[in-house]
Amino acid sequence: MKTDWLIVGAGFTGATLAERIASQLNQKVLVVERRDHIGGNSYDCYNEDGILVHKYGSHTFHTNSKMVWDYLSEFTEWRPYFHHVLAVVDGKKIPVPFNLNSIYTLFPQKYAEKLEELLIQHFGYGVKVPILKLRESASGDLGFLADYIYKKVFYRYTLKHWQLDPEQLDPSVTARVPVYISRDNRYFQDTYQGIPKHSYAELFRKMLDHPNIRVLLNTDYREVIDEVQYQRMIYTGPIDAFFNYKHGTLPYRSLRFDFRTLNQEFFQEAGTINYTNEYEFTRILETKHLTGQKAPHTTITYVYPQEYNQDGDPYYPIPRAENRQLYNLYLQEAEQIKDKVLFAGRLADYKYYNMDQAVARALTLFKEIKEGGG
Ligand code: FAD
Ligand code: UDP
């Protein structure tokens, strides 16, 4: 088989690059995907009960990049949606990111007023403060609040999810969900937010629907590499696997999803409820809140963190200095073969990208390819 480009992986990174190369450069692309579907971890499908579920955990699209939003809008309309997350703390459901409303839900009115006043005095209204920063800088009542949030919202959740405590991870991880001195209960404040109107699967189908693109599912690229004649490869799988783990294995965290269909219209009041203290699972998801699907029954998903092994799914790179050092060894290897193979994506860059970041990364790489510097 002959092609200009061999792209490994049909997630946002692979699909964006395939689409751009096929439509803008008019070159042939073969996308090889080892799963039985396109879409990578953003894939969704109807389950046997007729509910549209996100197979690999809820995916909410959010971005401040007009470029990314406009690009994806060529392939989908959007259902406007603001993600709301609650966490169970001391038996009460509070908004997360932890905000002023969370304070009023948890503490007696007078004390909540005092904490609100102190937070606004110290940081200002509308400011986002990462929990590790708040703990460093706060004393007195704010010190108490910082410790309380750390212990009840972050500590055990992080231990369950990463098997590390928040201090052992790059601070950017917990800073994704900062304490928000605001009454805004939304999980994200990005300018553009939504869910693809007709599903992520349909968005990917449209992206890859081009006469220059062929997609081979259920195939590890290593099974076909000797039979494909290609000019260049773009690889979006785990970078350590590409180099046969020659410098050692990069650690990832994995998840197990336990789906349950219930004979009731809704199970919970928000798309995601975090169990930050109790149980072994971290979250219960209910996708109907995201998709807006009308049905008399619902499907919920329990999310259980688990060890990653090489037969499983490497969902999360683990951001810490020592892992970055190991990744840099692979990056040096990648540099040496960049005329033949390009690496991009959450797994190949070993970076905790959101969907919009994966698309932005792919669009930037495409620009480099087009200008001849890729
Ligand atoms: P992937 O989607 O992982 O795609 C890589 C593909 O490569 C996979 O399909 C894999 O099967 C394939 N592959 C790997 N190795 C091989 C091989 N040897 N041969 C053939 N194929 C191979 N982002 C958001 O913006 N909002 C969210 O709400 C959100 N929620 C998330 C929830 C979870 C549980 C997870 C894990 C991620 C979430 N993300 C979210 C992040 C989002 O999933 C990623 O940003 C996005 O999937 C990255 O796309 P990608 O193409 O780089 O990687
Ligand atoms: N986090 C937490 N408690 C929460 C929400 C998040 O401890 O209620 C921490 C945890 O370490 C998590 C990180 O913040 O892994 C990032 O959270 P995010 O919701 O962005 O995780 P993702 O959706 O990527 O799994």
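Start with the whole chain: buried residues make up 39% of the 374 residues in the protein. The model is predicted.

**Whole view**

Show the cartoon. The secondary structure comes to 13 helices and 19 strands. The radius of gyration is 22 Å, close to the 21 Å of the globule rule for 374 residues, so the protein is as compact as a globular protein of that length. Turn the C-alpha trace along its principal axes. The spans are about 70 × 50 × 35 Å. Now think about contacts with a separation of 6 or more. Residues 24 or more positions apart account for 75% of them.

**Colour by domain**

Select 2-79, 195-248 and 317-370 together. These segments are domain 1. Give residues 85-180 a second colour for domain 2. How far apart do the C-alpha centres of domain 1 and domain 2 lie? They are 35 Å apart.

**Strands E1 and E2**

Select residues 2-8, strand E1, and residues 29-32, strand E2. The two run parallel and are joined by four bridges. Pick Ile 7 in the viewer. Its bridge partner in E2 is Val 31.

Stay on E2 and show side chains. Val 29 and Val 31 point one way, while Leu 30 and Val 32 point the other way. Are these four buried or exposed? All are buried. The pattern has a general background: in a regular strand the side chains alternate between the two faces of the sheet.

**Ala 10**

Move on to the loop between E1 and H1, where Ala 10 lies. Ala 10 has 26 other C-beta atoms within 10 Å; the cut-off for buried is 20 or more, so Ala 10 is buried. Which residues does Ala 10 touch, leaving aside those up to four places away in sequence? They are Ala 15, Val 31, Glu 33, Ile 38, Gly 39, Gly 40 and Val 215. Val 31 is thus on this list and also pairs with Ile 7.

Next, draw a C-alpha distance from Ala 10 to Gly 237. The two are 227 residues apart in sequence, yet the distance in space is 9.8 Å.

**Ligand 1**

Select ligand 1 and its surroundings. There are 34 residues around it. The closest are Gly 9, Gly 11, Gly 40, Gly 237 and Gly 345. Gly 40 is also touched by Ala 10.

Which helices each supply at least two residues of this shell? Highlight helix H1 (12-24) and helix H13 (355-370). Then colour the shell by class. It has 13 nonpolar, 15 polar and six charged residues.

**The sheet E5-E11-E6**

Select strands E5, E11 and E6. They form an open sheet in the order E5-E11-E6, with antiparallel pairing. Strand E5 (61-63) and strand E6 (78-79) stand at the edges, each with a single partner strand, so one side of each is left without a neighbour in the sheet.

Zoom in on E5 and E11 (residues 192-196). Three bridges join this antiparallel pair. Pick His 62: opposite it stands Gln 193 in E11.

**Ligand 2**

Go to ligand 2, which has 13 residues around it. Those that come nearest are Phe 154, Tyr 157, Thr 158, Arg 176 and Asn 274. By class, the shell divides into seven nonpolar, five polar and one charged.

Where do they come from? Helix H6 (140-162) and helix H7 (171-174) each supply at least two residues. H6 gives the most, with five residues.

**Asp 147 on H6**

Keep H6 selected and pick Asp 147, which is in this helix. Asp 147 is partly exposed, with 14 other C-beta atoms within 10 Å. Now draw a C-alpha distance to Leu 134. The two residues are 13 apart along the chain and separated by 9.0 Å.

**Strand E14 and its partners**

Finish with strand E14, residues 252-262. Show strand E17 (residues 298-307) beside it. E14 and E17 pair in the antiparallel sense over 10 bridges. Label Leu 255; Pro 305 in E17 stands opposite.

Add strand E18 (residues 316-317). Its pairing with E14 is antiparallel too, over two bridges. Here Tyr 252 stands opposite Pro 317 in E18.

Terms used. Residues are numbered from 1 along each chain as its sequence is written. Chains are lettered from A and ligands numbered from 1 in the order in which they are written. This is a predicted model: local features need pLDDT of at least 70, side-chain atom pairs count only at pLDDT 80 or more; totals for chains, interfaces and linings use all residues. Two strands pair if DSSP finds at least two bridges between them. A residue is near a molecule or strand if its C-beta atom, placed from the backbone, lies within 6 Å of it. Ala, Val, Leu, Ile, Met, Phe, Trp, Tyr, Cys and Pro count as nonpolar, Asp, Glu, Lys and Arg as charged, and the others, Gly among them, as polar. Domain bounds come from an automatic or database domain assignment. The radius of gyration is taken over C-alpha atoms; the globule rule is 2.2 Å times the number of residues to the power 0.38. A residue is buried if 20 or more other C-beta atoms lie within 10 Å of its own, exposed if 12 or fewer, and partly exposed in between; C-beta atoms are placed from the backbone. Two residues are in contact if their C-beta atoms, placed from the backbone, lie within 7 Å.
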